Amino acid sequence: MTFTTEQIAQLARELHESEKSRVQIEHFSKRFPGMTIEDGYAVSRAWAQMKLAEGRQTIGHKIGLTSRAMQMASQIDEPDYGTLLDDMLFEPGDIPVSRFIAPRVEVELAFVLKRKLEGAQISTQDVIDATEYVTPAIEIIDSRIEQFDRHTKVMRKVFDTISDNAANAGIVLGGRRMHPRELDLPWCGAILRQNGAVEETGLAAGVQGDPAVGVAWLAMKLAPWGECLEAGEIVLAGSFTRPVAAKKGDVFDADYGQLGRFQFRFV
């Protein structure tokens, strides 16, 4: 890690202020060219701790950059992850667009755990055994750090995205709850409509072949930090569609076939 404790705290404060003011900040990787992935996670954790100190509660984790195409575009060979907090959870229905800067939505599956997943060796079978149910989920991603540099138009780097809580800002859970053994997980599909038009379709196989793979990966990635996936937590396994930009007034319909269907609207 190249950042000092003071730098980590300062960058976390900048993210915190950006979220509150809804004014994006410039790339950390531009200011600190030697920034590492470890630095990014240190900033993200410091920001999460700020929120917890203000009374928020952890409800789970999200996994991002799960598709091979996104990893290649980000020049990374594995996914990234962030923290889900209680104020990020929305029911289907009206969602205040004022909570976000530049919201985009992604189609995912959420695993809700009935027991702890921890350790350096976790299999997909361990994930299935530890899961209470799988349910449809829409992740609302956002950018506190601008996606493209305001001067050079260069895209932000993975270090920036990781610092920015892996771009997480909200989740919407709806549809049916089913045990993963009732499902052929890679073949779980979804159709996302925006204002009546089909914008995205996809299969959960787009998430590393099987969304349970990402959950196992995350449990193992948390182990060196002395952390784990706790019973009761929600784990977003990763998007199997591209992100779709959203604005005030947009109505989204998420149809997951046998897992059900739900709608939400940005107001």
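This report describes the overall form, the nonpolar cores and some strands of a predicted protein model.

**Overall form**

The protein contains seven helices and 13 strands. Its radius of gyration is 18 Å, close to the 18 Å that the globule rule gives for 267 residues, so the protein is as compact as a globular protein of that length. The C-alpha trace spans about 50 × 45 × 35 Å along its principal axes. Of the 267 residues, 54% are buried. The protein exposes about 11600 Å², and carbon and sulfur atoms supply 51% of that area. Among contacts between residues at least 6 apart in sequence, 77% join residues at least 24 apart.

**Nonpolar cores**

In soluble globular proteins, nonpolar side chains tend to be buried together. In this model the largest nonpolar core has 53 residues, and the members that touch the most others are Ile138, Tyr256 and Phe266. Helix α7, residues 211–222, gives the most to this core, with seven residues. Another core, of 14 residues, lies apart from it; Leu11, Leu15, Phe28 and Phe32 are among its members.

Beyond its neighbours within four places in sequence, Tyr256 is in contact with several residues, including Val107, Glu108, Leu109, Pro136, Ala137 and Ile138. Gly189, Ala190, Phe240 and Phe262 are also among the contacts of Tyr256.

**Strand β1 and its partners**

Strand β1 covers residues 58–64 and is mostly covered, with six of its seven residues buried. The table lists the strands that pair with β1 and the residues opposite Gly60.

| Partner of β1 | Sense | Bridges | Residue paired with Gly60 |
|---|---|---|---|
| β2 (residues 80–85) | antiparallel | six bridges | Leu84 |
| β10 (residues 234–236) | parallel | three bridges | Ile234 |

Gly60 thus has a bridge partner in β10, Ile234, and stands opposite Leu84 in β2.

**Thr135 in strand β6**

Thr135 belongs to strand β6, which runs over residues 131–141. Is Thr135 buried or exposed? Its relative accessible area is 4%, under the 20% limit, so Thr135 counts as buried. A polar atom of the Thr135 side chain lies 3.2 Å from the backbone oxygen of Gly174. Gly174 is also one of the residues in contact with Thr135 when neighbours within four places in sequence are left aside. The others are Leu109, Ala110, Leu173, Gly175, Arg176 and Arg177. Leu109 appears among the contacts of Tyr256 as well.

How values were computed. Residues are numbered from 1 along each chain as its sequence is written. This is a predicted model: local features need pLDDT of at least 70, side-chain atom pairs count only at pLDDT 80 or more; totals for chains, interfaces and linings use all residues. Side-chain values use heavy atoms; hydrogens and water are left out. Helices (H or I, at least four residues) and strands (E, at least two) are DSSP runs, numbered from the N terminus. Buried means under 20% relative accessible area, exposed over 50%, partly exposed in between (1.4 Å probe, protein chains only). A polar contact is a pair of N or O atoms within 3.5 Å; within protein, one must be able to donate a hydrogen and the other to accept it, and residues adjacent in sequence count only if both atoms are side-chain atoms. Contact means heavy atoms within 4.5 Å. Two strands pair if DSSP finds at least two bridges between them. The radius of gyration is taken over C-alpha atoms; the globule rule is 2.2 Å times the number of residues to the power 0.38. Accessible areas come from the Shrake-Rupley method with a 1.4 Å probe; for residues, only the protein chains shown count as cover. A nonpolar core is a set of buried Ala, Val, Leu, Ile, Met, Phe, Trp, Tyr and Cys residues joined through side-chain atoms within 4.5 Å.
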